[in-house]
Amino acid sequence: MQIAGQKCKICDKVILMASDATWCARCKTTVHIECLTDRQGVCPVCAKPLDRPEQHFYYSKFCSVCGARNTPPKSNCSNCGNATQWDSEEEYVAFRCHVMASSRSQMFIGLVQIGFGLLVVMGYLLALGLLLQSGRWFVSGLVIFAVIYLLGRGGKNFWNGWCMRSFE
Ligand SMILES: [Zn+2]
Ligand SMILES: [Zn+2]
Ligand SMILES: [Zn+2]
């Protein structure tokens, strides 16, 4: 949750540093840690002990960007700095759904490109067969380039999507 820039519900001042503040996981009220201590840790909205967000934090096992392992769990990836912490398991699950959806579309795009590449190969072989019969055949650089491009691109997209599937 973005807490810098929000108002503290206890002293009504704007929170400047996220590290000086916390929030109630139950009602999403933001407060200064110092103000909360002055009120014996009671949430100003719930009038109950503040539901500490740290208890709900959820960490992904891997980094969603570079795939590095996130053990022991940290809030950011030790390899690339990408966020690996969510405010709750629900938010993590929603994010994971999003990753899986883009993984599927990446793999689909990759397969379509590979399919087109193979289609070009087949079309070219067919044309080559006909040309060979007439004794005038040639190798088109453009076709080779298109095939390498399509297969390379498709393979890369498919592989990216495949790797994303293992995100958890
Ligand atoms: Zn305050
Ligand atoms: Zn509360
Ligand atoms: Zn990373």
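**A tour of the predicted model, starting at helix α3**

Begin by selecting residues 141–164, which form helix α3 of this predicted model. Helix α3 has 24 residues and runs 34 Å from its first C-alpha to its last, close to the 34 Å expected at 1.5 Å a residue.

Keep α3 on screen and show the side chains of L150, G154, N157 and G161: these residues are buried. What lies over them? Bring up residues 89–134, helix α2, which is part of the cover on the buried residues of α3.

Now stay with α2 and pick R96, which sits in that helix. Is R96 buried or exposed? R96 counts as partly exposed, because 15 other C-beta atoms lie within 10 Å. Next, add M164 to the selection: 68 residues separate R96 from M164 in sequence, while their C-alpha atoms are 9.8 Å apart in space. Then add F167 and E168, both in contact with R96 once its neighbours within four places in sequence are set aside.

Time to zoom out and colour by secondary structure. You should find three helices and four strands, in the order β-β-α-β-β-α-α from the N terminus. The radius of gyration is 27 Å, well over the 15 Å that the globule rule gives for 168 residues, so the protein is more spread out than a compact globule. Turn the C-alpha trace along its principal axes and it spans about 95 × 25 × 25 Å.

Two last things to colour by are burial and contacts. Buried residues account for 15% of the 168 residues. Of the contacts between residues at least 6 apart in sequence, 46% link residues at least 24 apart.

How values were computed
Residues are numbered from 1 along each chain as its sequence is written. Chains are lettered from A and ligands numbered from 1 in the order in which they are written. This is a predicted model: local features need pLDDT of at least 70, side-chain atom pairs count only at pLDDT 80 or more; totals for chains, interfaces and linings use all residues. Helices (H or I, at least four residues) and strands (E, at least two) are DSSP runs, numbered from the N terminus. The expected span of a helix is 1.5 Å times one less than its number of residues. A residue is buried if 20 or more other C-beta atoms lie within 10 Å of its own, exposed if 12 or fewer, and partly exposed in between; C-beta atoms are placed from the backbone. Two residues are in contact if their C-beta atoms, placed from the backbone, lie within 7 Å. The radius of gyration is taken over C-alpha atoms; the globule rule is 2.2 Å times the number of residues to the power 0.38.
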